[in-house]
Amino acid sequence: MKAFICTFCLFFASAFAAAGAEPVALVQDDRPLEEQRIRQAEEQALRGEAAYTSGQCGASISARIDWRRSGNWPNAGRGLARACDGALSAVEALCNSGQADKVRSKIRSFQCSGDGSGPSLSGTTLRFGASPGSNGFGQTRRYLEGAL
């Protein structure tokens, strides 16, 4: 009987703890879960776009979104990765035009934000500050042609 009570108490305690726990991946901050999910989806989409660019350039380019600089982006960040995809497409275009060696030596990471600041290169990080309604392809290509 003592073993039954101990087992029951352990089961009850673990069930109670599990019921109140949220998935670890969603516990990021005090933002609503819907916004956290949007951010996760945007990060995943951006990583996928960067992986495609990496394949086109024969390079390994990591990517992330700078959420601190994206506070004014509409709809909790929805569409931010798509807005930065034009900048990554400009990188691909340069690689496909015979400048892959330059890209591989100068760009190792990509940072997307929603602050509207456009493209910049710092060290080996290409940063693109997107604006709603713009994809940044032409602006980034022109910038990189001068910077690489």
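Two strands count as paired if DSSP finds at least two bridges between them. Keep that cut-off in mind for this predicted model.

**Stop 1: the hairpin.** Select residues 118-122, strand S3, together with S4. The two pair in the antiparallel sense, over 5 bridges. Zoom in on Pro 119: the residue opposite, in S4, is Phe 128. Now go to the turn. S3 and S4 make a hairpin, with 2 residues between them. Click Gly 123 in that turn; its phi is positive, about 65 degrees.

**Stop 2: strand S4.** Select residues 125-129. Is this strand largely enclosed or not, and why? Buried here means under 20% relative accessible area. Of the 5 residues in S4, 4 are buried, so the rest of the structure largely encloses the strand.

**Stop 3: across to S2.** Add residues 109-113, strand S2. S2 and S4 run parallel, joined by 5 bridges. Pick Cys 112: its bridge partner in S4 is Phe 128, the residue that also stands opposite Pro 119.

**Stop 4: on to S1.** Add residues 62-65, strand S1. S1 pairs with S2 in the parallel sense, over 4 bridges. Pick Ile 65; its bridge partner in S2 is Cys 112.

**Stop 5: the whole sheet.** Show the strands together. In what order do the 4 strands lie? The order is S1-S2-S4-S3, in an open sheet with mixed pairing. S1 and S3 are at the edges with a single partner strand each, so each has one side without a neighbour in the sheet. From one strand to the next, the twist averages 20 degrees.

**Stop 6: the helices on the sheet.** Select residues 33-57, helix H2. H2 lies across S1 and S2 and runs at about 155 degrees to S1. Next, select residues 80-106, helix H3. Which strands does H3 touch? H3 packs on the sheet and touches S1, S2, S3 and S4. The direction of H3 makes about 155 degrees with that of S2.

**Stop 7: confidence.** Colour the protein chain by pLDDT. The average is 85, and 80% of the residues score at least 70. Confidence is highest in S4, at 98. The lowest value belongs to helix H1, residues 2-20, with a mean of 43. Select residues 1-27: the pLDDT there is below 50. Beyond near neighbours in sequence, this stretch has 8 contacts in the model. Where pLDDT is low, predicted coordinates should not be read in detail.

Key. Residues are numbered from 1 along each chain as its sequence is written. This is a predicted model: local features need pLDDT of at least 70, side-chain atom pairs count only at pLDDT 80 or more; totals for chains, interfaces and linings use all residues. Side-chain values use heavy atoms; hydrogens and water are left out. Buried means under 20% relative accessible area, exposed over 50%, partly exposed in between (1.4 Å probe, protein chains only). pLDDT is the predictor's confidence in each residue, from 0 to 100. Contact means heavy atoms within 4.5 Å. Axes are lines fitted to C-alpha atoms, for helices over the stretch in contact, and angles run from 0 to 180 degrees between N-to-C directions.
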